[in-house]
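Please open the model in your viewer and keep the selection tool at hand. The stops below each suggest what to select next and then describe what is there.

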Amino acid sequence: MASLALTSPPAVKIPSYLSSSSSSLFSRSSISFRTTESRSRICVSGYAKCNLPKAVNGNARIPIINETTIPKFFDSSRLEKSVSRNNTKLKLFSGTANPALSQEIAWYMGLELGKVSIKRFADGEIYVQLKESVRGCDVFLVQPTCTPTNENLMELLIMVDACRRASAKKVTAVIPYFGYARADRKTQGRESIAAKLVANLITEAGADRVLACDLHSGQSMGYFDIPVDHVYCQPVILDYLASKSISSEDLVVVSPDVGGVARARAFAKKLSDAPLAIVDKRRHGHNVAEVMNLIGDVKGKVAVMVDDIIDTAGTIVKGAALLHEEGAREVYACCTHAVFSPPAIERLSSGLLQEVIVTNTLPVAEKNYFPQLTILSVANLLGETIWRVHDDSSVSSIFL
């Protein structure tokens, strides 16, 4: 039987480009930095390359821990107060899907991850036992339902059940990546709506609340009969783009399909209200995409493609090829969830993309690193959201 084991990430240094907090790309001041002398817990202020034990072809990035700076969009009245870490009724536990992200969240919050034993029996059954009391506590379980999707989902359900039976006051399922989110409607006869089924499973297991990042479609929140806090990871990607020397006049935001126009439009507004282009895509089957046409002007511009998920990368790569044909100078791809199903790595590393910017809502295996890859951490965003949920404070104000 295998148990969950957590390891500390390598030490990092702050790169020089993070010394400046301003950028011509941003039209709003909510993405600037400020100094908070009275702050009593650690926070995350930037990103740097990992000092990995052996050379890889990726630019994996993890957060810098710094006690004096914090992004302004995390501002709240609670931050001005001293946070007591003793005898707290807030408990944070990690599943086995993404323990590195869970540890980063715990560091941001100034907490230790709760002790839990998660094992696999020889026949594949999952065993969960909490190693500390959660009676009367506000419990947060961090577990993305990524590959292997069904196993990680079942593990989450068993963890929720264990907390409920241990008399936890409230149980919140923190799901950075919500598997089955794309099965949110019927497109043909006799299809299932798996997103609704998974929502029912999580609710019936005993969860009181769900916290999810960048759901594939907003209506998925309506499938739950419990409160859902939808966390948008745009601020993390926007903050990184601010460090790049791209003139706002040269920038165009591109939606890789018609369904992502609203997402791309919201992204463009944060980038000095940049112009928008749309790739017209016709899909002939699951994970199969064909680019048909481009709506908008990208000639001589730096194109930033925005999507929520990169799976097999067919949509992104064919869109990038079309943008180059239409005269784009450079093409960047930004997404929240790096699923990277084969042959995504081969496609993304083909040279069509200047950079592929993703977040660590689900883990990216070291073997899947490639030169254009940049991984940004959402630990600070999730940590701040968890604190606000625990304090009964506003979550939506983070993104204003």
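Of the 400 residues of the protein chain, 54% count as buried, and the chain you are looking at is a predicted model. Colouring by secondary structure brings out eight helices and 18 strands. Among the contacts in the protein chain with a separation of 6 or more, 69% are accounted for by residues 24 or more positions apart.

**First stop: helix α1 and helix α8**

Begin by selecting residues 99-109, which form helix α1, a mostly covered helix in which eight of the 11 residues are buried. The buried residues are L101, S102, Q103, E104, I105, A106, Y108 and M109. Just after the helix comes G110, whose phi is positive, near 70 degrees.

Now add residues 379-390, helix α8, whose axis comes within 8 Å of the axis of α1 and crosses that axis at roughly 60 degrees. That angle makes α1 oblique to α8, and the crossing is right-handed. To see where the two helices touch, show the side chains of L101, E104, I105, Y108 and M109 in α1 together with A379, N380, L382, G383, E384, I386 and W387 in α8. By type, the residues of this contact divide into eight nonpolar, two polar and two charged.

**Second stop: helix α4 and helix α5**

Next, select residues 234-241 for helix α4 and residues 261-270 for helix α5; their axes come within 11 Å and cross at roughly 45 degrees. Here too the word is oblique, for that is how α4 lies to α5, and the crossing of this pair is right-handed. Q234, I237, L238 and L241 on the α4 side meet R263, A266, F267 and K270 on the α5 side. The residues of this contact divide into five nonpolar, one polar and two charged.

Stay with α5 and ask which of its residues are buried. They are A264, F267, A268 and K270. If you turn the view to look down the axis of α5, these buried residues fall within an arc of 155 degrees, so they line one face of the helix. On the other side of α5, the residues A262 and K269 are exposed.

Following the chain out of α5 brings you to S272, a residue other than glycine with a positive phi near 55 degrees. S272 sits in the loop between α5 and β13 (276-285), where it is partly exposed, with a relative accessible area of 28%.

**Third stop: D307 and V317**

Select D307, which belongs to strand β15, residues 302-310. Is D307 buried or exposed? Its relative accessibility is 11%, and so D307 counts as buried. Setting aside residues up to four places away in sequence, D307 touches P256, R263, I316, C334, C335 and T336; R263 is also one of the α5 residues that meet α4.

From there, move on to V317 in helix α6, residues 314-325, which is buried, with a relative accessible area of 13%. Apart from neighbours within four places in sequence, V317 is in contact with R347, L348 and L352. The C-alpha atoms of V317 and R347 are separated by 6.5 Å, although these residues are 30 apart along the chain.

**Last stop: loops and backbone details**

Select T147 and P148 to find a cis peptide bond, with omega near -5 degrees; P148 lies in the loop between β8 (138-142) and α2 (149-165). The peptide bond from P342 to P343 is also cis, with omega near 5 degrees, and P343 is placed in the loop between β16 (330-338) and α7 (344-348).

Y180 is not a glycine, yet its phi is positive, at about 70 degrees. The loop that holds Y180 runs between β9 (170-175) and α3 (194-205), and at 36% relative accessibility Y180 counts as partly exposed.

Finish at P227, in the loop between β10 (209-213) and β11 (228-231), a residue that counts as partly exposed at 40% relative accessibility. Not counting residues up to four places away in sequence, P227 touches D208, R209 and V210. A distance drawn from the C-alpha atom of P227 to that of L211, 16 residues apart along the chain, comes to 8.6 Å.

Terms used:
Residues are numbered from 1 along each chain as its sequence is written. This is a predicted model: local features need pLDDT of at least 70, side-chain atom pairs count only at pLDDT 80 or more; totals for chains, interfaces and linings use all residues. Side-chain values use heavy atoms; hydrogens and water are left out. Axes are lines fitted to C-alpha atoms, for helices over the stretch in contact, and angles run from 0 to 180 degrees between N-to-C directions. Helices (H or I, at least four residues) and strands (E, at least two) are DSSP runs, numbered from the N terminus. Angles under 35 degrees count as roughly parallel, over 145 as roughly antiparallel, 65 to 115 as roughly perpendicular and the rest as oblique. A crossing is left-handed if the near helix is turned anticlockwise from the far one by less than a right angle, and right-handed if clockwise. Contact means heavy atoms within 4.5 Å. Ala, Val, Leu, Ile, Met, Phe, Trp, Tyr, Cys and Pro count as nonpolar, Asp, Glu, Lys and Arg as charged, and the others, Gly among them, as polar. Buried means under 20% relative accessible area, exposed over 50%, partly exposed in between (1.4 Å probe, protein chains only). The arc is that of the directions from the helix axis to the C-beta atoms.
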